[in-house]
Amino acid sequence: MSYHSHADLGGQGACGAIVPEPEDVLFHAAWEPRALALTLAMGATGSWNLDASRAARETLPDYAQLDYYRIWLAALEKLMAERGMVLPDEIAAGHALHPPVPVARVLQAAQVPGVLAKGSPTARPTDAPARFRVGQAVRMRRQDGTHHTRAPGYVQGRRGTIESVHGAHIFADNHAHGLGESPQWLYTVVFEGRELWGPATDAGQRVSVDAWESYLDAEPEGAA
Amino acid sequence: MTAHSPDHDDHEHEHEHEHSELGEMDLRVRALESVLTEKGYIDPAALDALIDTYQTRIGPRNGAQVVARAWADAGFRDWLARDATAAIASMGFGGRQGEHMQAVFNSATQHHLVVCTLCSCYPWPVLGLPPVWYKSAPYRARAVRDPRGVLAAFGVSLPADTAIRVWDSTAELRYLVIPQRPDGTEGWSEAQLADLVSRDAMIGTALARSPADAGAPS
């Protein structure tokens, strides 16, 4: 199976300006807050997890042409259609045409503060020892392009250093595809800018990513 | 934020242009909401509660209070450095998209900048919903490669010998930048200090306002 994310933008030559905006501007159209709330409320039904949402969004063929709430809506429609929950003819008609699919939960207004305050922590207990330690040299593996991953392309194959060890967390790559939580040790790995972007990069520039253990290989100490 | 007025005009202009299309999106979202309600998947009152939460209760003023306390209280600052999730929870902020928090501290020699190159991960309990630019392709593409160029887009210029660290939020850790406390704020209350802290300063695309700037309209 081939999997292509349109969302892996780090280091890409994206055109267009970065346009700052005042912090009291939350939405840019009347439908945006409804789209946000629909996405959160449907997420709360437990029909998919956040990693599956991210996978649905990043694989939209027109990802680059859509603004963010349009991406969310298109992914929401895709996730529901895949599960037979809402079909395109129903959205076109504006009312239900097929029987509902049972859902685990329906978020009620009174539950909103509690559900948001609880969130979905991803830390999990593990008996496995951590394979890497702080200060150790590692290299990011290249991903094979067959599944969702949180390993950005710009660090794949690059050498970095373990900066912190965060315990075991739900492994997004499996979780996104319904393969369970399969928790793995999670590390912050820091890279020199020059390792990523070449010798002209500022000496003090560094970038870190948070990487699960299976993204990493041990690197001989002292090698560059 | 002094770049307010030109931006404002641009936004008004965009809104006028988008009106015909906005109608189409309005209809589509309304249709979707009707179908989901009919099918019993959602409670429309819960949608109102969600929107109200992010419009009135969860936003960057939360984070500004955290920063102000870190500036005013060395014990809290240490706690924030050691266990940001717990320290921030002690102020009543936590949960969705802030389950695992880390605070990163700017200094005279080190500046921090936060991005999510893969999507739009952002610390919601302390900063609310991300601004459009944070989710946009140009920011996500450039932040990791050319952070000084990104800072320039925000009118920020750092000394050449200030090291810049970019945090790409690739897992469920969420990062809050603690900007440097401005000079001339000795003895200020936490509420006064919080007014110096913009959302952008907590992402790393701005510095904290100086007492002189804080007098200007923002």
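## A tour from the shared strands to the domains of chain A

Begin by selecting strand S5 (residues 206–212) of chain A together with S3(B), which pair in the parallel sense over 4 bridges; strands here are DSSP runs (E, at least two residues), helices are runs of H or I with at least four, both numbered from the N terminus, and strands pair if DSSP finds at least two bridges between them. This is a predicted model, in which local features need pLDDT of at least 70 and side-chain atom pairs count only at pLDDT 80 or more, while totals for chains, interfaces and linings use all residues. Residues are numbered from 1 along each chain as its sequence is written, and chains are lettered from A and ligands numbered from 1 in the order in which they are written.

Within the paired strands, pick A:Val207, which stands opposite B:Val166 in S3(B).

Next, widen the selection to the interface, where 73 residues of chain B are in contact (C-beta atoms, placed from the backbone, within 7 Å) with 74 residues of chain A. On the chain B side, H2(B) gives the most, with 11 residues.

Now turn to helix H2 (residues 50–58) of chain A, where 8 of the 9 residues are buried, that is, have 20 or more other C-beta atoms within 10 Å of their own, with C-beta atoms placed from the backbone. Show helix H1 (31–43), helix H3 (68–82) and helix H6 (172–175) of chain A as well, since they are included in what covers the buried residues of H2(A).

Finally, colour chain A by domain 1 (31–118) and domain 2 (123–218), whose bounds come from an automatic or database domain assignment; their C-alpha centres lie 29 Å apart. The contact between them takes 5 residues from domain 1 of chain A and 4 residues from domain 2 of chain A.

Technical notes:
Buried ≥ 20, exposed ≤ 12 C-beta atoms within 10 Å, placed from the backbone. Contact = placed C-beta atoms within 7 Å.
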